[in-house]
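Hi everyone, thanks for making time this morning. I'd like to walk you through one structure, so let me put it up on the screen.

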Amino acid sequence: MNTLNAAIVGGGAIHLCHALALQQVPGAQLQALAEIDSDKGQALAQTYGCRFYRDYHALLGSDDIDVVHICTPHHLHKTMVMEALAAGKHVFCEKPIGLDGREAADIAAAAARAPGRLAVCYQNRLNPTSRQIISELAGGTLGKMVGMSAVLTWSRGGSYYTHSPWRGRYATEGGSLLINQAIHTLDLMQWFAGGVARVKGVVDSGELAGVTEAEDSAMATLHFHNGARGLFYASNSYTTDAPLLLEIHCEAGMLQLRDNRLWRVCAGARTLLISDPTPESDAKAYWGAGHLAAIRQFYQALHHPSAPADYTPVEEAKKSLAIVEAIYRSSQTRQWVTPGR
């Protein structure tokens, strides 16, 4: 197996998941890191034993870099992804792929022309509980899906936004809660149900009003393509980062995700199916342990290009972004909105 040389662009908190994963992925080697804060970037590069670049364009010009990991603020994703693809690199990008559907469409067109591959980090799809839910639904023993509910309550204080001024602003983050924290939950919901036909939602700000331009809370009703109905609530105004609470109601029983454990409730019996592991590192626990799995699978696909790829491509990443946009638009119009239209 040939070693693929990787580079990380962006030295913010999320880069740590990528750096730690690259230390554990066979056939991958972190060779470079780009960061506009020179002191931070040089310190990180010394820690990882790799080269430091202040200008990521110089990094993209390095012939020995095969894969670029984009770990920067949202508004930089489109430009950096497209430039990395144009430079002939493979790209692994943190979510969201762009600020909106138009940016995502431009990136998808660029990816279709580029020789390299593009993956978007929706690591929660690789949680053992998520994979088990897909398996349970495909098995059919619970019958047809009738409904789904999800509750995500996390805690983000004012300092979270003041220390990183790009957060909570439409021009640089694309919104707030929905496009950053809750987009993973919306992605899982649409993935489990096979897509969203229409949505009606409301966003608002309470505790963080005046701190951010955008929302700290959101709720929505979703009508899925499979005929089921979904209920969604999320907030960044809780006092702690609580695990996702998700329930799938089927004709013959239920699946319940509580405290990172998946239960099957059927005929009066409640059976524990599987649990999610916690990260074995300094990464934040509520990110889960899926980054390693997602990055490992992307590199497996690069090493074995003829095998079926098991990572989230841009066309899949566009779906949850379209739902986020639809909820924003529905909140403004008080109307049902079809994602992507």
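I'll go from the domains to one helix, then to the aromatic rings, and finish with a histidine. Please keep in mind throughout that this is a predicted model.

Let's begin with the overall layout. The chain is divided into two domains, and each is built from two stretches of sequence: domain 1 takes 4-123 plus 290-311, while domain 2 takes 124-281 plus 318-333. Taken over C-alpha atoms, their centres are 25 Å apart. The contact between them draws on 21 residues from domain 1 and 21 residues from domain 2.

Now have a look at helix α2, residues 38-48. Which of its residues are buried? They are Gly41, Leu44, Ala45 and Tyr48. Viewed down the axis of α2, these buried residues fall within an arc of 100°, so they line one face of the helix. The general background will be familiar to you: an α-helix has 3.6 residues a turn, so residues three or four places apart point the same way. And what does that buried face of α2 pack against? Its partners are α1 (15-22), β2 (28-34) and β3 (51-53). On the other side of α2 you'll find Asp39, Gln46 and Thr47, which are exposed.

The two ends of α2 deserve a quick look as well. At the N-terminal end, Asp37 acts as the cap, with a side-chain oxygen 3.2 Å from the backbone nitrogen of Asp39. Just after the helix comes Gly49, with a positive phi of about 70°.

On to the aromatics. How many aromatic pairs does the structure hold? There are six. Take Tyr170 and Tyr328: their ring centres are 6.4 Å apart and their planes meet at 80°, so this pair is edge-to-face. This pair links distant parts of the chain, 158 residues apart, with Tyr170 in the loop between α7 (158-162) and α8 (177-180) and Tyr328 in helix α11 (residues 314-333). Are these two tyrosines buried or exposed? Tyr170 has 42% relative accessibility and therefore counts as partly exposed. Tyr328, at 12%, counts as buried.

Another pair to look at is Phe298 with Tyr311. Here the ring centres are 5.2 Å apart and the planes are at 90°, so this pair is edge-to-face. Phe298 belongs to helix α10 (residues 290-303), and Tyr311 lies in the loop between α10 and α11, 13 residues apart. Both Phe298 and Tyr311 are buried. They also join Phe92 and Tyr299 in one aromatic cluster.

Some rings have a charge for company, too. The charged end of Arg156 sits over the ring of Tyr160, 5.1 Å from its centre. Likewise, the charged end of Arg198 sits over the ring of Trp336, at 4.0 Å from the ring centre.

Last stop: His90, which you'll find in strand β5 (residues 90-94). A polar atom of the His90 side chain lies 2.9 Å from the backbone nitrogen of Arg117. If we leave aside neighbours within four places in sequence, His90 is in contact with Asp66, Val67, Val68, Gly116, Arg117, Phe298 and Leu302. So Phe298 turns up again here, as a contact of His90 and as a member of the aromatic cluster.

That's my tour; I'm happy to rotate the view for anyone.

Notes. Residues are numbered from 1 along each chain as its sequence is written. Side-chain values use heavy atoms; hydrogens and water are left out. Buried means under 20% relative accessible area, exposed over 50%, partly exposed in between (1.4 Å probe, protein chains only). Helices (H or I, at least four residues) and strands (E, at least two) are DSSP runs, numbered from the N terminus. The arc is that of the directions from the helix axis to the C-beta atoms. Contact means heavy atoms within 4.5 Å. A polar contact is a pair of N or O atoms within 3.5 Å; within protein, one must be able to donate a hydrogen and the other to accept it, and residues adjacent in sequence count only if both atoms are side-chain atoms. Rings of Phe, Tyr and Trp (its six-membered ring) pair if their centres lie within 6.5 Å; planes under 30 degrees apart count as stacked, over 60 as edge-to-face and the rest as tilted. A charge sits over a ring if NZ of Lys or CZ of Arg is within 6 Å of the ring centre and within 35 degrees of the ring normal. Domain bounds come from an automatic or database domain assignment.
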